[in-house]
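Here's a walk through the fold, the sheets and the empty spaces of one protein model. Have a look at the structure first, then read on.

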Amino acid sequence: MLEKIGITTTIPVEVIYAAGCIPVDLNNIFITAENPAALVEEAELAGYPRNICAWIKGIYTTVLANREIRRVIAVTQGDCSNTHALMETLHIQGIEIIPFAFPYDRDYDMLKLQIEKLMQVFGVDWEQVAEQKKRLDKVREKVWLLDEKTWRENSVSGFNNHLYQVMCSDFNGNPELFAQEVKAVLEKSTPLPAGDEIRLGYIGVPPIMTDLYEYLEKKGARVVFNEVQRQFTMPFATSDLVEQYRLYTYPYNIFWRLQDIAAEIEKRNLHGIIHYAQSFCYRHIQDLIIRKELKVPVLTLEGDRPVRLDARTKMRIDAFLDILR
């Protein structure tokens with residue numbers, strides 16, 4: 001039986017696949033659990049504070065509930081600032097922690113060193129990792145096409161765009177089977193005629209609210225750009241694995257991300273942006289920079305726990321869409 005390796009966010013999964021292991025994005029199995037809110041509450045009963053990110057609490061309980069996962073790769077720089085404490089609380093539960101850090105300044109040599117340290121842990125070399133990059137890039141190409149069909153043809157919904165791009169963090173543990181699922185979605189896609197729908201971009205971490213995309217489409221708006229989810233697909237034309245993860249915007253400073261966001265706003269003809277900020281997350285502070293730098297209207301939404309949209313948030317979305325109209 002292949003070993004499952006938990007990951008706290010997107011990391012160079014080519015290394016894990018090269019080692020013959022299965023990467024498991026802990027965020028994905030937390031949020032798709034039968035009752036993710038109960039997992040958050042369980043972490044609080046164990047001692048996690050109320051005013052800590054629900055994703056961190058959900059990951060903690062998810063790992064403990066999945067006894068097949070005994071090793072976790074935790075991103076110590078370039079993701080959640082609470083990951084250090086998460087690592088420590090998992091460590092005392094007998095989970096082996098493997099740290100990985102994205103250098104803040106996107107330094108090539110530092111990033112290469114981090115990847116090589118990860119390769120050393122899993123006993124693989126650059127040739128094996130490069131082979132896995134070729135394998136995964138074939139799958140990524142299908143998801144790039146799905147994204148193009150979203151914004152060019154309106155033939156893939158904003159939710160499916162979000163879903164299949166976010167799954168590229170681990171390819172559901174089976175890249176070939178995942179590719180077949182994406183192919184099926186592409187084959188069913190039918191271009192819609194151009195209408196008067198509002199074209200939105202979604203930036204920030206994937207939402208913890210479960211019905212955001214559904215509500216937006218019901219109100220005549222479509223998300224045709226999912227920023228971080230798209231980054232998980234590594235949409236870069238490079239054969240260099242280190243450069244691929246250097247171009248990946250999410251773990252680095254907000255100004256590097258804003259270059260990508262601004263380019264996609266223009267290319268996709270977006271009318272407005274929804275900036276999602278998780279409660280108690282340091283990234284919420286970056287909202288003041290985002291509002292200053294972007295040239296389209298921005299609605300900032302904050303979410304705490306994995307629940308449906310509340311009445312106040314729906315009212316704010318309605319008002320924003322009315323302004324855009």
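## Pockets, sheets and a cavity

Let's start with a pocket: the second largest pocket is lined by Trp 144, Leu 145, Asp 147, Glu 148, Trp 151, Gln 165, Arg 230, Thr 233, Pro 235, Phe 236, Lys 267 and Arg 268. This is a predicted model, where local features need pLDDT of at least 70 and side-chain atom pairs count only at pLDDT 80 or more, while totals for chains, interfaces and linings use all residues. Residues are numbered from 1 along each chain as its sequence is written, and side-chain values use heavy atoms, with hydrogens and water left out.

A quick word on terms. On a 1 Å grid over the protein atoms alone, a pocket is an open set of points with protein on both sides within 12 Å along at least five of seven lines, a cavity is a set where a 1.4 Å probe fits but cannot get out, and lining residues have an atom within 4 Å of a point. Volumes are the space filled by probe spheres set on the points, which are joined across faces, edges and corners.

Back to that second largest pocket: helix H7 (residues 126-153) gives the most to its lining, with five residues. Helices (H or I, at least four residues) and strands (E, at least two) are DSSP runs, numbered from the N terminus.

The largest pocket is lined by 40 residues, and Asn 27, Asn 28, Ile 31, Trp 55 and Pro 206 lie nearest its centre. Strand S2 (22-25), helix H2 (26-31), helix H4 (54-65), helix H8 (158-166) and helix H10 (212-218) are the elements that each give two or more residues to this lining.

Then there's the enclosed space. The count comes to one cavity of 30 Å³ or more. Its lining takes in Gly 204, Val 205, Arg 257, His 275, Tyr 276, Ala 277, Gln 278, Cys 281, Arg 283, His 284 and Gln 286. Strand S7 (residues 272-278) supplies the largest share of that lining, four residues.

Here are the volumes together:

| Space | Volume |
|---|---|
| Largest pocket | about 790 Å³ |
| Second largest pocket | about 180 Å³ |
| Largest cavity | about 90 Å³ |

What about the chemistry of the linings? Ala, Val, Leu, Ile, Met, Phe, Trp, Tyr, Cys and Pro count as nonpolar, Asp, Glu, Lys and Arg as charged, and the others, Gly among them, as polar. The largest pocket has 24 nonpolar, ten polar and six charged residues in its lining. For the second largest pocket the split is five nonpolar, two polar and five charged, and for the largest cavity it is four nonpolar, five polar and two charged.

### The sheets

The protein has 15 helices and eight strands. Its radius of gyration (taken over C-alpha atoms) is 19 Å, close to the 20 Å that the globule rule (2.2 Å times the number of residues to the power 0.38) gives for 325 residues, so the protein is as compact as a globular protein of that length. Along the principal axes, the C-alpha trace spans about 55 × 45 × 35 Å.

One open sheet of four strands runs in the order S2-S1-S3-S4, with parallel pairing (two strands pair if DSSP finds at least two bridges between them). S2 and strand S4 (96-101) stand at the edges with a single partner strand each, so one side of each has no neighbour in the sheet. The twist averages 30° from one strand to the next (axes are lines fitted to C-alpha atoms, for helices over the stretch in contact, and angles run from 0 to 180 degrees between N-to-C directions).

Inside this sheet, four bridges join S1 to S3, with Gly 6 partnered by Val 72 in S3. Six bridges join strand S3 (residues 69-77) to S4, and Ile 73 stands opposite Ile 98 in S4. Helix H6 (residues 108-122) lies across strand S1 (4-7), S3 and S4, at about 160° to S4 (contact means heavy atoms within 4.5 Å).

A second open sheet of four strands has the order S6-S5-S7-S8, again with parallel pairing. Strand S6 (221-226) and strand S8 (298-303) stand at its edges. S7 and S8 pair over six bridges, and His 275, which also lines the largest cavity, has Thr 300 in S8 as its bridge partner. Helix H15 (residues 311-324) lies across strand S5 (198-203), S6, S7 and S8, running at about 170° to S8.
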